Amino acid sequence: MHCYFCNAVLVCITEDTPINTIEREDGWKGFRIQGVLNFSLIGILSEISGILADNNIGIFSVSTFNTDYILVKEENFDRALKVLAFAGYNIV
């Protein structure tokens with residue numbers, strides 16, 4: 001099972017959702033900010049989320065000690081990648 005706990009919110013692959021889940025929202029796709037992000041780097045998630053917000057794309061973000069993950073609704077995924085590429089981000 002590939003699940004991550006985050007403040008009483010469970011983020012996992014749909015098929016791994018526990019049977020006794022009270023509420024869930026399916027239909028998210030995500031991408032990872034490539035590379036190790038040390039604590040001296042400031043504003044990366046803020047900049048990316050701002051670009052997506054300016055294009056009416058809502059996000060759910062998960063941050064770890066060395067990288068960030070951004071999830072968007074499936075129907076916005078391709079547009080999110082295009083918007084970020086247009087803003088100069090290298091999409092791999």
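Phe31 and Phe77 first. Both of these residues are buried. Keep in mind that this is a predicted model.

How many aromatic pairs does the structure hold? Two. Phe31 and Phe77 make up one of them. The ring centres sit 6.3 Å apart, and the planes meet at 55°. That pair is classed as tilted. Phe31 belongs to strand β3 and Phe77 to helix α2, so the pair ties together parts 46 residues apart in sequence.

Next, helix α1. The helix covers residues 44–54. Which of its residues are buried? Ile48, Ile51 and Leu52. Look down the axis of α1: these buried residues fall within an arc of 95°, so they line one face of the helix. And what do they pack against? Strand β3, residues 28–32, strand β5, residues 68–73, and helix α2, residues 74–86. Recall that Phe31 lies in β3 and Phe77 in α2. So the elements carrying that aromatic pair are both among the packing partners of α1.

Now turn α1 around. The face pointing away from the buried side carries Ser46 and Asp54. Both are exposed. After the helix comes Asn56. Its phi is positive, near 55°.

On to Lys73. This lysine is in strand β5. Is Lys73 buried or exposed? Its relative accessibility is 18%, and the cut-off for buried is under 20%, so Lys73 counts as buried. What does Lys73 touch, leaving aside neighbours within four places in sequence? Glu25, Asp26, Gly27 and Trp28.

One of those contacts is a salt bridge. Lys73 pairs with Glu25, and the closest N and O atoms are 3.1 Å apart. Lys73 lies in β5, while Glu25 lies in the loop between β2, residues 9–12, and β3; the pair therefore ties together parts 48 residues apart in sequence. Glu25, at 52% relative accessibility, counts as exposed. So here a buried lysine meets an exposed glutamate.

How many salt bridges are there in total? Two. The other joins the side chains of Arg24 and Asp26, at 2.8 Å from N to O. Arg24 is partly exposed, with a relative accessible area of 48%. Asp26 is partly exposed too, at 36%. Asp26 also appears among the contacts of Lys73.

To recap. Phe31 and Phe77 link β3 and α2. The buried residues of α1 pack against β3, β5 and α2. Lys73 in β5 bridges to Glu25 in the loop between β2 and β3.

Note on methods: Residues numbered from 1 in each chain as written. Predicted model: local features only at pLDDT ≥ 70, side-chain atom pairs only at ≥ 80, totals over all residues. Heavy atoms only, no water. Buried < 20%, exposed > 50% of the residue type's maximum accessible area, 1.4 Å probe, protein only. Helix = DSSP H or I, 4+ residues; strand = E, 2+ residues; numbered from the N terminus. Arc of directions from axis to C-beta. Contact = heavy atoms within 4.5 Å. Phe/Tyr/Trp six-rings, centres within 6.5 Å; stacked < 30°, edge-to-face > 60°. Salt bridge = Lys/Arg side-chain N within 4 Å of Asp/Glu carboxyl O.
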